[in-house]
Amino acid sequence: MYAEVDGHTVFAAGRIAEASPAPPVVLVHGAAMDHTVWAMHTRYFMHIGRSVIAPDLPAHGRSNGAAITSVEAMAGWLLRCMDAFGIETAAIAGHSMGALVALETAATGGSRVERLALLGAAVPMPVSEQLLDAAREDRPQARDMMMLWGHGFHAQFGANPVAGIHVMNTASRLLERAQSGLLFNDLCASNAYLRGTKAAAQVTAVTTIICGAQDRMAPYRAALDLASVIANCSIELIDRCGHILMSEQPERTHQKLVAALG
């Protein structure tokens, strides 16, 4: 589906269903990624007749426009994107940088966000200088570091139940498709987002944090800290899983995501 936001064409996977009693689902991807990371979940919500959109942020995937440079501005854009697709209230899920965007959206959007699922979330979400330097120069090592730090032990040795598909290589190919400079832009936005604790205290939505037990980018202890600030929050821990939950443990992540979004 396509819509216009801020004068630019935006693509979102999914559909707007008629007469669905459940709030629409909005899925927000992470740094330098796109709607395809939510393919399994988007198809499921469509299959059960629920409205769902997985938008590409500006300059990502099939969406036009310049990349947005801050999490706060991305959250404002997401609310305008919901408007463009005719969504008043929603259940929102975000992964990694997208989790920060979802958190900020829930804080500023208030009652517009009924349920919130944060996958691979930490506040703050610091990015190492080595990774920022490599991403600034658009070196392949930036993607390599993302893959090594972003995946758990088992994913680095295959571990995909579908024969012939390698978890890390698939994620790496997705980053390679991103525009030059996009990974650096998104990592800087995540690194600079410092109002996460304040935003968490403003969240009124029923919230679930879904965390990989082997996540080194947003470790379990960070999920505990974040959950302690959100008024109505629970944590779901997935073992044998790192930061890229949707591809490392797709079925278990899907089950927990569906439960979190009602």
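A residue is called buried when its relative accessible area is under 20%, exposed when it is over 50%, and partly exposed in between. That cut-off is all you need to read the views below, which show a predicted model.

**Figure 1. A102, a buried spot in helix α3.** A102 sits in helix α3, which runs over residues 97-109. Its relative accessibility is 0%, which is under 20%, so A102 counts as buried. Who does A102 touch, once its neighbours within four places in sequence are set aside? The list is I92, A93, G94, L116 and L118. For a sense of scale, pick out E88 as well: this residue is 14 places from A102 along the chain, and their C-alpha atoms are separated by 15 Å.

**Figure 2. F11 and its neighbours on strand β2.** F11 belongs to strand β2, residues 8-15. With 7% relative accessibility it falls under the 20% cut-off, so F11 is buried too. Skipping neighbours within four places in sequence, F11 is in contact with M1, Y2, H35, A54, P55, D56, R62 and S63. Take P55 from that list: F11 and P55 are 44 residues apart in sequence, yet their C-alpha atoms are 5.8 Å apart in space.

**Figure 3. T9, also on strand β2.** T9 has its place in strand β2. Is T9 buried or partly exposed? At 33% relative accessibility, T9 is partly exposed, because that value lies between the 20% and 50% cut-offs. Leaving out neighbours within four places in sequence, T9 makes contact with Y2, A3, S63 and N64. If you want a far-off landmark, try W149: T9 and W149 are 140 residues apart along the chain, with 33 Å between their C-alpha atoms.

**Figure 4. T36 in the loop ahead of helix α1.** T36 is in the loop that links β3 (25-28) to α1 (39-47). This residue is partly exposed, with 35% relative accessibility. Beyond neighbours within four places in sequence, T36 has contacts with L174 and R177. P55 turns up here again as a reference point: T36 and P55 are 19 residues apart along the chain, and the distance between their C-alpha atoms is 9.7 Å.

**Figure 5. The Y44–F45 ring pair.** The chain has two aromatic pairs by the ring-centre rule. One of them is made by Y44 and F45, whose rings meet edge-to-face, with 5.3 Å from centre to centre and 70° between the planes. The edge-to-face label applies because the planes are over 60 degrees apart. How do the two partners compare for burial, buried or partly exposed? Y44 is partly exposed, with a relative accessible area of 28%, whereas F45 is buried at 1%.

**Figure 6. Backbone oddities at V123–P124, D6 and R240.** Most residues other than glycine have a negative phi, and most peptide bonds are trans. Against that background, look first at the peptide bond joining V123 and P124: it is cis, with omega at about -5°. P124 is in the loop between β6 (113-119) and α4 (129-136). Next comes D6, a residue other than glycine with a positive phi, near 55°. D6 is in the loop between β1 (2-5) and β2, and at 46% relative accessibility it is partly exposed. Then there is R240, not a glycine either, with a positive phi of about 55°. R240 is placed in the loop between β8 (233-238) and α10 (245-248); its relative accessible area is 45%, so R240 is partly exposed.

**Figure 7. Stepping back to the whole chain.** The protein chain has 11 helices and eight strands. Its radius of gyration is 17 Å, close to the 18 Å that the globule rule gives for 262 residues, so the chain is as compact as a globular protein of that length. Along the principal axes, the C-alpha trace spans about 45 × 40 × 40 Å. Of the 262 residues, 55% are buried. Among contacts between residues at least 6 apart in sequence, 73% join residues at least 24 apart. The chain exposes about 10900 Å², with carbon and sulfur atoms supplying 52% of it. As for charge, there are 19 positive and 23 negative side chains, and the centres of the two sets lie 4 Å apart.

Definitions and conventions:
Residues are numbered from 1 along each chain as its sequence is written. This is a predicted model: local features need pLDDT of at least 70, side-chain atom pairs count only at pLDDT 80 or more; totals for chains, interfaces and linings use all residues. Side-chain values use heavy atoms; hydrogens and water are left out. Helices (H or I, at least four residues) and strands (E, at least two) are DSSP runs, numbered from the N terminus. The radius of gyration is taken over C-alpha atoms; the globule rule is 2.2 Å times the number of residues to the power 0.38. Buried means under 20% relative accessible area, exposed over 50%, partly exposed in between (1.4 Å probe, protein chains only). Contact means heavy atoms within 4.5 Å. Accessible areas come from the Shrake-Rupley method with a 1.4 Å probe; for residues, only the protein chains shown count as cover. Lys and Arg count as positive and Asp and Glu as negative; His and the chain ends are not counted. The place of a charge is taken as NZ of Lys, CZ of Arg, CG of Asp or CD of Glu. Rings of Phe, Tyr and Trp (its six-membered ring) pair if their centres lie within 6.5 Å; planes under 30 degrees apart count as stacked, over 60 as edge-to-face and the rest as tilted.
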